[in-house]
Amino acid sequence: MERGASEPDPSRQRNGVVAALYGEFTDTFNDRVRYSVSLTESALTVQRISSSPGRSKVVFNLTDCIGCRAYRGPDSADVGAYFKAYFYPFKRRWMSAGVARQRVEQCFRVALVQDPLANLQEAERWAHAIRDASVLQAPRRDGVAYTEVRRPCRVMILVNPHSGRGQALQLFTGHVQGMLTEAAVPYTLVITEHQNHAREVVRKADLTQWDALVIMSGDGLLFEVINGLMEREDWQEAIQTPLGILPGGSGNALAASVHHYSQSPPAWNEELLLSCGFMLCKGLVGSMDLVSIHLASRQRLFSFLSLAWGFVADVDIESEKYRHVGAIRFLMGTLVRLATLRVYQGRLAYLPVKEAPKLPKGSIKANHPPPTPQHPSLCSSLSCRLIPNPSPSQKSHHNHNSTNSNHNTITKSSNNAITTMRPETQSDGKAVALVDSLLPGLDQPVPESWTVVREEDFVLVLAIYQSHLAEDLWTVPGAMADDGHIHLFYVTAGISRPALLRLFLAMEKGAHLACGCPHLVYEKVKALRLEPISPQGVITVDGEMVEYGPVQAQIHPGLARLICG
């Protein structure tokens, strides 16, 4: 499906360097205006040929180039041919401070001889060389291992026309469709018709026909796609299909995160869409962590973004009524929820990333019971009608043989966004599913290496594994898509409404951890368990409401693959 990003096309190389080209061409609209054009391995340099001193020279970085094409003009009497290159460099915004990617095209007329075919061949030679050089100059980050989507690639794009303000399809045709044409990326557009349509499509699709699956929607559609892939019998291969994201919803958390990982200046709305479209055209692929989540009814699902309980989950679900206003729905929901701030009772335990972590204030080791608890701890004794999950001692899912047939089957829930696992089959005919080796059964106590949080009164609990919770909420400044961490935040009771509002306002710039709020705790963890005591509440996974009750989760580093910059 893919080749390594560092593997150049040997037919276009000489000692690993793209051969330089030089030519003189005329302007597409005025034959009297001529340009000297030179191509190196990293740049296309254009200079107008003039007798006057101080001739202007423009250098286009091939890192910003997504494609180039050669063609004949519409006039059959014109013996010339043309090549046009498409760039998306960072340029100053028209109406505000800062820079953002903006489209720039450069077109030249080739009329070296009176033979139209020879001119077209020369234009194609330039277009081919520019395309090859721009592929080698894709914007890579130091220390990150990339592969590339195979070229020419075949892309399935799934669009939810009702996401966000209901403009996803218009945004695609207005901003993305042209970029894909410029980059010569063939695609098939699938417009979803109902909830879990995307999940059904990818579960049944012949993935050998596709080099990438791209979602044009909010985060909920990608949640469907990932769980559809993990339902397949060939889930191990299916989940390796590169996934792309184009923001078309309200929150667009993953799109904002991918943009952030590319080390680009902040962008929102159409600028964010343009940035994600640019990365899709460049086709670099990195790893992405997924989190396996178990609910009390033995339902299992896979998450790429977040698990939330309390304030964040309340705002996410309650603000659905404001969906028509776009991303501002979350601000409106926040203000409404602040007016009637709730406190939830529950128990929280987690496996820290460090073997001997410094315990946060008010926490204790799991093997020491809390002093005089008001209720029996669900972390130590939970009376649930559950079949235990595979033992934490099982390190690999490849050779796991369960003696209980229910271990590898995830029961379908009334919430049809939940995954029903369809395990892979071993050579001996027994089913195998991805094993969560760090998680005991929900009816078992957490291991002694876990930390149990002493507080039982929470305003919110948020486990997130991307940098952004929304376009304008930079929740984990240091997070990466494949850092192998669940970033756990919780806010304890006693925080005032103004203090909580200040935290979320500071989160817009990633400064909330510097606020010194005594009620905010942040930990990097590998696994966690949350056990609500309050009889009513909301739990969300990737912004989708799931069954309310005990839940636990474990991260699986680099399980999926993500088109990123």
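## A tour from the cysteines to the core

Start by selecting cysteine 153 and cysteine 281. In this predicted model, the sulfur of cysteine 281 is the closest cysteine sulfur to that of cysteine 153, yet the two sit 8.7 Å apart, too far for a bond. A disulfide needs two cysteine sulfur atoms within 2.5 Å. Searching the whole structure turns up zero disulfides.

Stay on cysteine 153 and turn on the surface. Cysteine 153 is buried, at 9% relative accessible area. Now select cysteine 564. Cysteine 564 is also buried, and its relative accessible area is 9%.

Zoom out to the whole chain. The protein has 565 residues, and 56% of them count as buried. Colour by secondary structure: 10 helices and 33 strands appear. Look at what touches what. Take the contacts between residues at least 6 apart in sequence: 73% of them join residues at least 24 apart. Show the surface again. About 24700 Å² is exposed, with 52% of that supplied by carbon and sulfur atoms.

Next, go inside. The largest nonpolar core holds 99 residues. Select Val225, Met288 and Ile293, which touch the most other members of this core. Then select residues 269-282. This is helix H7, and the core takes its largest share, eight residues, from here.

Last stop: methionine 288. Which residues is methionine 288 in contact with, leaving aside neighbours within four places in sequence? Leu559, Ala560, Arg561 and Leu562 are among them, along with Gly558. Ile226, Leu243, Leu254 and Phe304 also make contact with methionine 288. Add Gln466, Ala481 and Asp482 to the selection to complete the list.

Key:
Residues numbered from 1 in each chain as written. Predicted model: local features only at pLDDT ≥ 70, side-chain atom pairs only at ≥ 80, totals over all residues. Heavy atoms only, no water. Helix = DSSP H or I, 4+ residues; strand = E, 2+ residues; numbered from the N terminus. Buried < 20%, exposed > 50% of the residue type's maximum accessible area, 1.4 Å probe, protein only. Contact = heavy atoms within 4.5 Å. Areas by Shrake-Rupley, 256 points an atom, 1.4 Å probe, with all protein chains shown as cover. Core = buried A, V, L, I, M, F, W, Y, C linked by side-chain atoms within 4.5 Å.
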